[in-house]
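Student: Could you walk me through reading a ligand site and an aromatic pair?
Tutor: Sure, have a look here.

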Amino acid sequence: MPNLAERLATVKDQISNECTRLGRSEPTLIVVTKNHSSELVDRLYRLGERNFGENRVQEGAPKALELGKADINWHLIGQLQTNKVKQALEFANTVHSLDRQSLLTELTKRTIERENPLEVFIQVNLTSDDARGGVQPNQTLMLADAVAQVPTLKLMGLMAVASLENEPEADFERIAELSKRLRAIHPSAHGLSIGMSGDYLQALNYGATHLRIGTAITGNRQY
Ligand SMILES: *Cc1c(COP(=O)(O)O)cnc(C)c1O
C-alpha cells in the first residue's frame, strides 16, 4: 500500500504528464479532506499542499480553526445552506457551490464589508435529478450575470460533478461548452472546477482549471 506522500506524488505526476501531453498549463489541485482529520491536512500541508476542499461547513470551519494556517486556501465544495453562510465565510476562501439566487442574496449581504472579494464558482447540475446540487444549465448564464454585478464576489467560472448516468466525457463536454458561452460574456470567469479521483485526467482534456481530488490522494474516507 503506497503511503500518503507516494499517492500525492503519483497523482501530481500524472497531472503534470497529462498537461505536458496536452500542451496546457497546470490546474490548481484541491485536495479534498472531508471526513479526514485535521492531522491528515497537516501532513499534506507539510508536503507542500495549500488548497484543501471540504464539503460541510460544520466540518471545515473547526478544522481550519484548529490548523490555524493563514496560507491555506479553503474551498467549500458542498451544498451550502443560507443559514450556514456566515460560518462558511469565517473559513472558506472560495465557494464552489453557488447555485441559486437566495444563496447569492445571502452571500452578497454577508460579504458587504469584505476587502478582498470572495471567489465563487457557479455549480451546474448536469443530471436530471433536481435534488443534486447545482443550477440547471439553462439558468446558469442568468445567475452568472447576477454574480458579476456584486463587487464583493469574484466570479471564477463553473463547477460540476460528473453524473453517474453518463460517461464523464459527455458531461465534461457539456460543461466546457457552457463555460465557453460564459467566457464570451464574462472573459475573466474562465475557471472550470471539474475532475475528481475517478476522472481527473479526462477533466484536463476539457479545460479543468481546478481539480477536486479526495480518495486518490487521501485513501478511503472514514464515515
Ligand atoms: C468528495 C468530493 C470530491 C472528491 O471526491 P473523490 O472521488 O474522493 O476524489 C470532489 N468534489 C465534491 C463536490 C465532493 O463532494
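Here we talk through the ligand site and then the aromatic rings.

Tutor: This is a predicted model, where local features need pLDDT of at least 70, side-chain atom pairs count only at pLDDT 80 or more, and totals for chains, interfaces and linings use all residues. Residues are numbered from 1 along each chain as its sequence is written, and side-chain values use heavy atoms, with hydrogens and water left out.

Student: Which residues surround the ligand?
Tutor: A residue is near a molecule if one of its heavy atoms lies within 4 Å of it. Here that gives V32, K34, I77, M159, M196, S197, R212, I213, G214, T215 and R221.

Student: Where are the polar contacts?
Tutor: Look for pairs of N or O atoms within 3.5 Å. The S197 side chain has an N or O atom 2.5 Å from a ligand oxygen. Backbone N or O atoms do the job for G214, at 2.8 Å from a ligand oxygen, and for T215, at 2.9 Å.

Student: And how do I read an aromatic pair?
Tutor: You describe two aromatic rings by the distance of their centres and the angle of their planes. The whole structure has three such pairs (ring centres within 6.5 Å, with the six-membered ring used for Trp). W74 and F91 form one that is edge-to-face (planes over 60 degrees apart), at 6.3 Å centre to centre and 65° between the planes.

Conventions:
A polar contact is a pair of N or O atoms within 3.5 Å; within protein, one must be able to donate a hydrogen and the other to accept it, and residues adjacent in sequence count only if both atoms are side-chain atoms. Rings of Phe, Tyr and Trp (its six-membered ring) pair if their centres lie within 6.5 Å; planes under 30 degrees apart count as stacked, over 60 as edge-to-face and the rest as tilted.
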